[in-house]
Amino acid sequence: VVSSSWLVPQVMQSLDPVTSDETVSVGGTVTLTCRVTESDNSSLQWSNTAQQTLYFGEKRALRDNRIQLHRSTSTELSITIADVQLSDEGEYTCSIFTMPVRTARATVTVLGVPSKPQISGFENAVPEGSKVTLTCTSTGSKPPARLRWYRGDQELEGRPDVVESVPDDPTYNVSSELTLEVSRSDDNALITCAVDHPSLAPGDKRSEHALRVLYSPVVEIHPESDLPREGEKFHLQCLGNGNPEPTSYIWEKKDGELPPLSRTDGAFLIFEMLNKSDNGVYLCHADNGIGNSQGEYTLLVQDPTAMSTSSGVDHAVIGGVVAVIVFILLCLLIVLGRYLIRHKGTYLTHEAKGSDDAPDADTAIINAEGGHSGAEDKKEYFI
């Protein structure tokens, strides 16, 4: 026997509506579901934060096309709200009209989606060794977003985020600063500011800019060839790796003056006709307005018949190939000669076979002659 005092509370509990809190981003769609374990044919109802009825069973009560019926049964009432706005945030009430009326509440949290971050501080290029301060700003986040700095794939530590509330709006503006001491290796390095927020997937919103660093040139002198030969035309080129590119080049010869048969043309030092008296150390000074630097090159003029190392290697290879070919031909001639000699002996042996068995000289001559005249006895071997 079941006690009626125990049964009534159990029945009452099965009629209590059950809901769940939901979180949605601005512009998204949220589904509100209200369920009861058992049905006594009482109707379920959803009301908004202002206690306006949205749906009573299958019947729409509020004319808002964003709100649609998702499912309606005797034990469930589900609705959807599309294009959610910040004003939709709050408590929604599900009611079942029993005696007494039972209710359950669902809190809808609306996330303000932060804007794409904007980076400032890249307006001008900065000299190497100096400091640059970059500022990243993102607006419209709720709760406040977090800003992260990166140089390539490496995360950098900026100053703590500054969070500002927006008057008459539940969103926040967030900014962050990053100070860097730059070197020439930072030229064209990508600096990234990324927004971290629960409404976004990682990396969804980020901005990146390349640093521009000014630095003095590093100078190298490149010869026209590795084998400057006497009597030939020849030039040296001065290459200055700097930002900006060098605009001024000055050539000089260490411990002396430039040769009379040479002339300068910007980054080039041109020798109209090389002479061994041109040997020496040549210097190039390059200036780009940020700084200047110099490079040097030792010129050693070779004889007109001098060959480069690569040419010597090529001739050695050719000589080796020719030697191998000659050796193979000699081997073939030797083998062919031995072969011809062996088969020529066989021919002569069969030619005189008739005289081998003669008892005396006269008979041998007759047999030999007979051997020549008999078509069947004569056998010749040709290979």
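Which residues does Ala 145 touch, not counting residues up to four places away in sequence? The points below address this question and two further features of the model, which is predicted.

1. Ala 145 is located in the loop that lies between strand 12 (131–141) and strand 13 (146–151). Its contacts, leaving aside residues up to four places away in sequence, are Pro 114, Asp 161, Val 174, Val 195, Asp 196 and His 197.

2. One of these contacts, Val 174, is 29 residues from Ala 145 in sequence. In space, the C-alpha atoms of Ala 145 and Val 174 are 6.7 Å apart.

3. Ala 145 has a relative accessibility of 5%. Since buried means under 20%, Ala 145 counts as buried.

4. An open sheet is formed by 3 strands in the order 2-7-6, and the pairing is antiparallel. Strand 2 (30–35) and strand 6 (67–72) occupy the edges; each has a single partner strand, so one side of each is left without a neighbour in the sheet. On average, neighbouring strands of this sheet are turned by 20° against each other, direction ignored.

5. Within this sheet, strand 2 and strand 7 (residues 76–81) run antiparallel and are joined by 6 bridges. Cys 34 stands opposite Leu 77, a residue in strand 7. In general, strands of a sheet pair through backbone hydrogen bonds.

6. An unreviewed UniProt entry annotates residues 317–341 as a "transmembrane region". In the model, the chain over residues 317–341 is 100% helix and 0% strand. The end C-alpha atoms of residues 317–341 are 37 Å apart.

Conventions: Residues numbered from 1 in each chain as written. Predicted model: local features only at pLDDT ≥ 70, side-chain atom pairs only at ≥ 80, totals over all residues. Heavy atoms only, no water. Pairing = 2+ DSSP bridges. Helix = DSSP H or I, 4+ residues; strand = E, 2+ residues; numbered from the N terminus. Axes fitted to C-alpha atoms, helices over the stretch in contact; angles between N-to-C directions. Buried < 20%, exposed > 50% of the residue type's maximum accessible area, 1.4 Å probe, protein only. Contact = heavy atoms within 4.5 Å. UniProt positions renumbered as here; feature names shortened; annotations may be inferred.
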